[in-house]
Amino acid sequence: MAFSATDAALEGFRIGRHHPKVMLAWALASLVISVVSSALMVAMFGDTMGQLIEASGAQSSDPTEVFSLVNQMVGLYAILLPIAVLIFAVFTGAVYRAVLRPENARFAYLRLGATELRLAVVIVALWAMMFVGTIVLSIVIGIIGAVLGAALGASGAGGGVIVGLLIVLIYLAVFAGLFVFTVKFSMAAPMTFAEGRIRIFESWSATKGHFWQLLGAYILAFVLGLMVSFLGSAIAFAVMMMLGGGSAGSIDALFRTLQADYSSLQTFFSAPMIANLVISSFFSALTYAIFLAPPAVAYREIVGDAGRAG
């Protein structure tokens, strides 16, 4: 069954229009997560982050010192990364429920259970596949470039131009490959959600014959989500500027005022920062819906709602 790429791309806005209380709940959940994670970050690594920002901004900073500070932050990322994946899985499941299980609206579609764990596994697997694929392709490109450079180097400037053009073409092919990967595996998460079992490679066959419609839907949703994200950033910046007492004539002072101060919880949670967290949380909830809804719509229209899991 064919489906409308435009309808799929606009599904996130429909969720917001038909379920404003759900969108508000998602925004509040995103705000709580942002506040708690920021508080933990400041409490555990505030001094290190402050030193890192100061060292990064200094023109005469010692690279060894910067690397040492970054190395101290590894523990923070080791803690936050699994949590971030799980949170993303929770919001993914919520958006999928809004699309595929609209009647199951308790807790604003937010859950944390086996469904979310399966989604987390799929998300990590897809990210790992893309990362490994990119690394392998980069190595292959490097080898091809070296071989071509050695083979055509004797021909002078003309050979160098040919090598450069071939490498550009190869990179364009890799870029196209990333699009293909994204589209062909885009139904892995919705299938896993709807069918109650981990589905990754099954997405490849499920998207057969619908590549261009899916690509169009995802590109349109990406552009719309980006526009919403930019709008949210602009509003947050304007509000922070007013609360920070800055003006266009003192832009440097404004940026210094708005820069996060990690020395303590009190200095970090300033009025401009609180406003930024609140506004960003609302727009984050909307962008989650915009970005995540199209694959669920594609699954519903192309494959069909095969299961009742989730």
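The legends below accompany an overview and four close-up views of a predicted model.

**Figure 1. Overview of a chain built from helices.** The chain contains 13 helices and zero strands. Read from the N terminus, its order of elements is α-α-α-α-α-α-α-α-α-α-α-α-α. Of its 310 residues, 37% count as buried. The chain exposes about 16500 Å² of surface, and carbon and sulfur atoms supply 72% of that area. Among contacts between residues at least 6 apart in sequence, 76% join residues at least 24 apart.

**Figure 2. The crossing of helices α2 and α13.** Helix α2 covers residues 11–18, and helix α13 covers residues 271–303. The axes of these two helices come within 6 Å and cross at roughly 115°. Angles of 65 to 115 degrees count as roughly perpendicular, and α2 and α13 are therefore described as roughly perpendicular to each other. The crossing in which α2 passes α13 is right-handed.

**Figure 3. Residues at the contact of α2 with α13.** From α2, the residues E11, G12, F13 and I15 take part. Their partners in α13 are L286, A289, I290, A293, V297 and R300. Sorted by character, the residues of this contact comprise seven nonpolar, one polar and two charged. The charged residues are E11 in α2 and R300 in α13. The polar residue is G12, since Gly is counted among the polar residues.

**Figure 4. The surroundings of A275 in helix α13.** The residue A275 lies in helix α13. A275 has a relative accessible area of 13%. Buried means under 20% relative accessible area, and A275 is therefore classed as buried. When its neighbours within four places in sequence are left aside, A275 is in contact with V239 and L243. The view also includes A236, which is 39 residues from A275 along the chain. The C-alpha atoms of A275 and A236 are separated by 7.0 Å.

**Figure 5. The buried helix α8 and the residue that follows.** Helix α8 spans residues 188–195. Eight of its eight residues are buried, so α8 is largely enclosed by the rest of the structure. The buried residues of α8 are A188, A189, P190, M191, T192, F193, A194 and E195. Just after α8 comes G196, which takes a positive phi of about 70°.

Terms used
Residues are numbered from 1 along each chain as its sequence is written. This is a predicted model: local features need pLDDT of at least 70, side-chain atom pairs count only at pLDDT 80 or more; totals for chains, interfaces and linings use all residues. Side-chain values use heavy atoms; hydrogens and water are left out. Axes are lines fitted to C-alpha atoms, for helices over the stretch in contact, and angles run from 0 to 180 degrees between N-to-C directions. Helices (H or I, at least four residues) and strands (E, at least two) are DSSP runs, numbered from the N terminus. Angles under 35 degrees count as roughly parallel, over 145 as roughly antiparallel, 65 to 115 as roughly perpendicular and the rest as oblique. A crossing is left-handed if the near helix is turned anticlockwise from the far one by less than a right angle, and right-handed if clockwise. Contact means heavy atoms within 4.5 Å. Buried means under 20% relative accessible area, exposed over 50%, partly exposed in between (1.4 Å probe, protein chains only). Accessible areas come from the Shrake-Rupley method with a 1.4 Å probe; for residues, only the protein chains shown count as cover.
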